[in-house]
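Colleague: Please take a close look at one part of this model, the packing in its interior, and then work outward from there. I would like one connected account that I can follow with the coordinates open.

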Amino acid sequence: MNKDFLNTDLTGKTVVFTGGTDGMGKEAVKKIAKMGATIMLFGRSKEKTLTVVKELNEIAQKDNTMFVQCDLASLTSIRNAAQQVLDNCPKIDYVINCAGANFGERKLTEAGHEMTWAVNHLAPFLLNNLLLERLKENDKAKIVNLSSATEKSGHIHFDDIHLSKHWSTFKSYTQAKLAMNMVTRKLAKELEGTAVTVNALNPGFIKTNLLRELKGWERIIGVPYMFFFASKPEVGANRILRLAFSEEFDGITGKFIYEDKVRDPNPEALNPQIVDKVWALSKEHTA
Ligand SMILES: NC(=O)c1ccc[n+]([C@@H]2O[C@H](COP(=O)([O-])OP(=O)(O)OC[C@H]3O[C@@H](n4cnc5c(N)ncnc54)[C@H](OP(=O)(O)O)[C@@H]3O)[C@@H](O)[C@H]2O)c1
């Protein structure tokens, strides 16, 4: 892979970044800080996020990173965070929705949504929509949504979207990541004629804290499997940065980037009727 994109000068650019406090996102924001961008760093834990903010400002040798308090499981928190971004950033160049989570048991958010659906799908859906008008004002802007290779095994359970009858970590995660791919395609269509592009990324199998909440056999198998077989966080971080900053992706929109190549997503994501239904449902859930 040509890594020239790592030398991009992001001075004067603003990057909104979720999931930069751990895993591959943390590796990515360190590089973004070095490239000189202003970073709006979302975090649910003030203490943990401020530690990262300090590290990034030391790397940049400037107070370029701002903490944005946000629990992505809460629609109210997302709305407040988006407002903070709008109040502080006259221009937004990049939105990188890296935050994601796997859960060991079924939980509901305060709004009554299944937690995996809420954090992995509804949160980036809402955040993108809240920031969209500001992004559109720019002469070039990009959105990167973190999806997963597992979206291929996903299915949208319209009859039980919150999986009250049968829930599993895998079923909930694959549904959410598939939905993310669907709305990425639809958003790209809505953005036709603007200078904003949006793509979804499978960053690869990366050694991170993603499985921290797993329980039982999923934990016993999953955690060592990740430890031995997954790539280091920098690999995922570089894929995120390449999609966001490399000029080779300029003008490419509505695509699923599988590690380093454009690939067709799950066939359900290619069905415009299903995609429209997921879009409408996501609007309803975030209204
Ligand atoms: N690792 C893989 O193999 C892999 C493969 C495919 C896709 N992905 C996707 O890649 C992305 C990055 O994941 P990772 O592997 O780096 O996982 P990770 O190490 O667990 O990092 C997840 C990040 O998301 C944040 N986050 C989770 N829930 C949140 C919430 N409710 N509010 C605010 N922030 C929240 C975490 O914040 P805290 O620091 O507060 O916990 C952390 O910064 C995710 O979207 C994941 O689904 C990962």
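Modeller: Apart from neighbours within four places in sequence, Phe 17 is in contact with Gly 25, Val 29, Ile 39, Met 40, Leu 41, Phe 42, Ile 96 and Cys 98. This is a predicted model, and everything below should be read as such. Phe 17 belongs to the largest nonpolar core, which has 74 residues; together with Ile 39 and Ile 240, Phe 17 touches the most other members. Helix H4, residues 115-136, supplies the largest share of this core, 11 residues. As a general point, nonpolar side chains tend to be buried together in soluble globular proteins.

Ile 240 leads to helix H7, where Ile 240 is one of the buried residues. H7 runs over residues 233-245 and is mostly covered, with 11 of its 13 residues buried. The buried set also takes in Pro 233, Gly 236, Asn 238, Arg 239 and Arg 242, among others. The cover over these buried residues includes H1, strand E4 (94-97), E5, strand E6 (196-202) and strand E7 (256-258). From first C-alpha to last, H7 reaches 18 Å, close to the 18 Å expected at 1.5 Å a residue.

Helix H6, residues 216-229, makes a useful contrast. None of its 14 residues is buried, so H6 lies largely in the open. Its length is as expected: at 1.5 Å a residue the 14 residues should span 20 Å, and the end C-alpha atoms are 20 Å apart.

Strand E5, part of the cover over H7, spans residues 141-146 and contains Asn 145. Asn 145 counts as buried because 27 C-beta neighbours lie inside 10 Å, where 20 or more are needed. Beyond its neighbours within four places in sequence, Asn 145 is in contact with Asn 97, Pro 124, Met 180, Thr 184, Val 198 and Ala 200. As for Ser 231, its C-alpha is 20 Å from that of Asn 145, with the two positions 86 residues apart in sequence.

Next, the ligand. The shell around the ligand has 29 residues, of which Gly 19, Gly 23, Ala 99, Gly 100 and Thr 208 come nearest. Helix H1, residues 23-34, gives the largest share of that shell, 3 residues. By type, the shell divides into 14 nonpolar, 11 polar and 4 charged residues.

Some less covered positions are worth checking too. Thr 11 sits in the segment before strand E1 (14-18). With 12 C-beta neighbours inside 10 Å, Thr 11 counts as exposed, since the limit for that class is 12 or fewer. Thr 11 and Asp 250 are 239 residues apart in sequence, while their C-alpha atoms are 19 Å apart in space.

Leu 50 has its place in helix H2, residues 46-60. Leu 50 is partly exposed, because 15 other C-beta atoms lie within 10 Å, a count between the two limits of 12 and 20. Met 66 is 16 residues from Leu 50 in sequence and 8.8 Å from it in space, C-alpha to C-alpha.

Two loop residues deserve a look at their backbone angles. Most residues other than glycine have a negative phi. Gln 61 has a phi near 55°, a positive value in a residue other than glycine. Gln 61 lies in the loop between H2 and strand E3 (65-69) and is exposed, with 10 other C-beta atoms within 10 Å. Leu 163 also has a positive phi, near 55°, and is not a glycine. Leu 163 lies in the loop between E5 and helix H5 (169-190); its 16 C-beta neighbours inside 10 Å make it partly exposed.

Finally, the chain as a whole. The chain has 8 helices and 8 strands. Its radius of gyration is 18 Å, close to the 19 Å that the globule rule gives for 287 residues, so the chain is as compact as a globular protein of that length. Along its principal axes, the C-alpha trace spans about 50 × 45 × 40 Å. Of the 287 residues, 48% count as buried. Among contacts with a separation of 6 or more, 76% are between residues 24 or more positions apart.

Key: Residues numbered from 1 in each chain as written. Predicted model: local features only at pLDDT ≥ 70, side-chain atom pairs only at ≥ 80, totals over all residues. Near = placed C-beta within 6 Å. Helix = DSSP H or I, 4+ residues; strand = E, 2+ residues; numbered from the N terminus. Nonpolar A, V, L, I, M, F, W, Y, C, P; charged D, E, K, R; others polar. Expected span 1.5 Å × (residues − 1). Core = buried A, V, L, I, M, F, W, Y, C linked by C-beta atoms within 7 Å. Contact = placed C-beta atoms within 7 Å. Rg over C-alpha atoms; globule rule 2.2 N^0.38 Å.
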